[in-house]
Structures are given as structure tokens and as C-alpha cells.
Amino acid sequence: MKKFLLRMTPVLVVAGLCYVVMIGFLGQPVYMLLLTYLLLILCAAYIFRANIYTYISNAYMMSGDLQKAKRALDLANKHGTKNAVALSAYGAMLLREGSYAKAVEPLEKALSLRGKNMTDVNTLISLGSAYWATGEFSKAAEAFEKVAAVSDKPDASLLLSLGFLYMSLGDTQKAEEKTLFALEQNAPEASVHETLGLIAYKNTDFDRAETELRLALSQNSNLVDSNFVLGLICETKGDEKSARYCYDKAEKCEITPLNFAKPEQIKAKTQVIKR
């Protein structure tokens, strides 16, 4: 807000002086000067309303009031702000509240405002996550690859994400390469085994998939994808008791739009399989 006021002050002062001269020349009363000047301020506020809401949101963020900051950013985005930092922050807030589809537009706009020669890692990661959650796996992988290209060293979490995305796209060879590379970068073994299990399942190598998923669950029993897919494998093999256990376990796990399993799929399986 301070920068905005400093930028606007000379404009308002010059405009005000022009009005003083003009109204003085026309011999109008002082109240006309005040009314006209007020009108000028209102017009300026309307024209620059996107910037004003952006600076208001910055003030709220600095004070820690994220709810009010988001409301201000809602208005800034609605009125066409061209502040890349504000748009990126707005997109990140939408992601945190689970509005993945809504987050795409401001994040894409933030990147376009940055220009092709600038890589905004945080915005790319947020945008990649939004694409992933909305099923745009190819775009998500592209965003994460751009982050990997400018990173000083390989990031295990990013590599695991790429492994999952390439698996979802059907490129299981590339998916396994990324996942094994993530293991070399000290990625959590449970997550590595889970991703390898999903890749094997995608390749219909159910024996290997079962082995990898059981290894993952031996280290972390609350992996929703491991439980669900292991349930599918057990059901395929005719082991309904084990399948039922896995589905029940999956239903109790935390799930997000980034998971392989979907809530409706888990619910359907828990209802259909014989008790």
C-alpha cells in the first residue's frame, strides 16, 4: 500500500493543482473544487482497484490474517490484477483450501506475467499440483520437469511425484527410472515401494506389485493407495477376506485428489465385496 500511495501521490497532487487553477479561472466556489477532487480520487480508486486490493491483501498477510488476505486477493483477481506475486499467493491459498481447479487460472497467469526467461519455482510447483489434482497429468509432469531442470540438486519428493505422474500417463519405464532415482536421493522407502507397486500394477505384474505394496505397508500401514491396490490384487486372486481388510483399511486412510485411489472407488469396493 505504501508503494502504491507514493506512486499515486504526485499524480493526485498535479491533478489537484490543475483543478484548482481551472476552477479558479472559472470563478467557481471552493466546494466545487472539493467535490471535483473527490470525484477524481474515486475515479483513480476505480481505475487502480486491482492494485489497491493487492496491496490490501499484502497488509493482511503481513498481519497474519490470511482469511481477509484471501478475500482481498479474490477481488484483486476478479478485477484483473497483473501482480505475479499476488496471483501466485492467491493460487497457493486456493490449493490449501482444496480449490484445485480454481487455482489453475491465477497460477497460469502468474507464470505468463513472469515471462519465458524467468522460472518461478514455487508457482510451477503449485501449478503442477493443481494440474495433478485435476487430472492434467501431462501438464503436471511438464511443470515439475521445469522445476527439476533449474534445481541445484535432485529433489526426492519431486522425483517421486514425476514417477507417479509418468505411471499415470502410461510411461511405466520412465516412471520407474524417476522412482529409483528418488530412492538414490534418500526418498522415504515406503513411498518408493508404493510407487513401484503402482507401476507394477499398471504393467499387470501383480506378483511384483503385491511384493512392493506389502513392503510399503510394512513401513507405513496408512498408505491409502497401497491398501486399495493391494485389495484389488487380492480380489483378483480370489482372496476376498484379505481384499475386504485392505479396502476397509483404505477407507480409514487420509486421501487427497493427488492419490491413485478415489473415495468413490473405495466406497464402491467396500459396499460390493461380500461380507
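**Salt bridges, helix α7 and the largest pocket**

In this predicted model, the side chains of Arg208 and Glu176 are joined in a salt bridge, with a nitrogen-to-oxygen distance of 3.2 Å. Arg208 belongs to helix α12 (residues 206–219) and Glu176 to helix α10, so the contact ties together parts that are 32 residues apart in sequence. Both partners fall in the intermediate class of accessibility: Arg208 is partly exposed at 28% relative accessibility, and Glu176 is partly exposed at 22%.

The count of salt bridges in the structure comes to nine. Among them is the pair formed by Lys178 and Glu145, whose closest N and O atoms are 3.3 Å apart. Because Lys178 lies in helix α10 (residues 172–184) and Glu145 in helix α8 (residues 137–150), this pair ties together parts that are 33 residues apart in sequence. The two ends of the bridge are classed separately, since Lys178 is buried with a relative accessible area of 18%, whereas Glu145, at 22% relative accessibility, counts as partly exposed. The cut-off that separates these classes is 20% relative accessible area, under which a residue is called buried.

A further salt bridge is made by the side chains of Glu235 and Lys269, for which the N to O distance is 3.2 Å. Here Glu235 is part of helix α13 (residues 224–236) and Lys269 is part of helix α15 (residues 263–272), so the pair ties together parts that are 34 residues apart in sequence. Glu235 is partly exposed, with 27% relative accessibility, and Lys269 is likewise partly exposed, with a relative accessible area of 26%. In addition, Asp207, Glu210, Arg214 and Lys237 are joined into one network by salt bridges that share partners.

Cysteine residues were also examined. The structure holds zero disulfides. Cys246 is in no disulfide, and the nearest cysteine sulfur, which belongs to Cys234, is 4.7 Å away; because a disulfide requires two cysteine sulfur atoms within 2.5 Å, this distance does not meet the cut-off. Cys246 is buried, its relative accessible area being 5%, and Cys253 is also buried, with a relative accessible area of 10%.

Helix α7 was considered with regard to both its length and its surroundings. The helix comprises 13 residues (residues 121–133), which at 1.5 Å a residue should span 18 Å, and the C-alpha atoms at its ends are 18 Å apart, in agreement with that expectation. Of the 13 residues of α7, 10 are buried, so the helix is largely enclosed by the rest of the structure. The buried residues of α7 are Thr123, Leu124, Ser126, Leu127, Gly128, Ser129, Ala130, Tyr131, Trp132 and Ala133.

One of these residues, Trp132, is also found at the largest pocket, where Trp132, Ser191, Glu194, Leu258 and Asn259 are the closest to the centre of the pocket among the 20 residues that line it. The volume of this pocket is about 470 Å³. Helices α9 (156–169), α11 (189–202) and α13 each supply at least two residues of its lining, and the largest share, five residues, comes from α9. By residue character, the lining of the largest pocket divides into nine nonpolar, eight polar and three charged residues. Helix α13, one of the contributors to this lining, is also the helix that holds Glu235, the partner of Lys269 in the salt bridge described above.

Finally, two residues in loops were examined for their backbone angles. Asn186, placed in the loop between α10 and α11, has a phi near 65 degrees, a positive value in a residue other than glycine. Thr204, found in the loop between α11 and α12, has a phi near 60 degrees, which is again a positive value in a residue other than glycine. With regard to accessibility, Asn186 is exposed, with a relative accessible area of 69%, and Thr204 counts as exposed at 55% relative accessibility.

Technical notes:
Residues are numbered from 1 along each chain as its sequence is written. This is a predicted model: local features need pLDDT of at least 70, side-chain atom pairs count only at pLDDT 80 or more; totals for chains, interfaces and linings use all residues. Side-chain values use heavy atoms; hydrogens and water are left out. Buried means under 20% relative accessible area, exposed over 50%, partly exposed in between (1.4 Å probe, protein chains only). A salt bridge is a side-chain nitrogen of Lys or Arg within 4 Å of a carboxyl oxygen of Asp or Glu. Helices (H or I, at least four residues) and strands (E, at least two) are DSSP runs, numbered from the N terminus. On a 1 Å grid over the protein atoms alone, a cavity is a set of points where a 1.4 Å probe fits but cannot get out, and a pocket is an open set with protein on both sides within 12 Å along at least five of seven lines; lining residues have an atom within 4 Å of a point. Grid points are joined across faces, edges and corners, and a volume is the space filled by probe spheres set on the points. Ala, Val, Leu, Ile, Met, Phe, Trp, Tyr, Cys and Pro count as nonpolar, Asp, Glu, Lys and Arg as charged, and the others, Gly among them, as polar. The expected span of a helix is 1.5 Å times one less than its number of residues.
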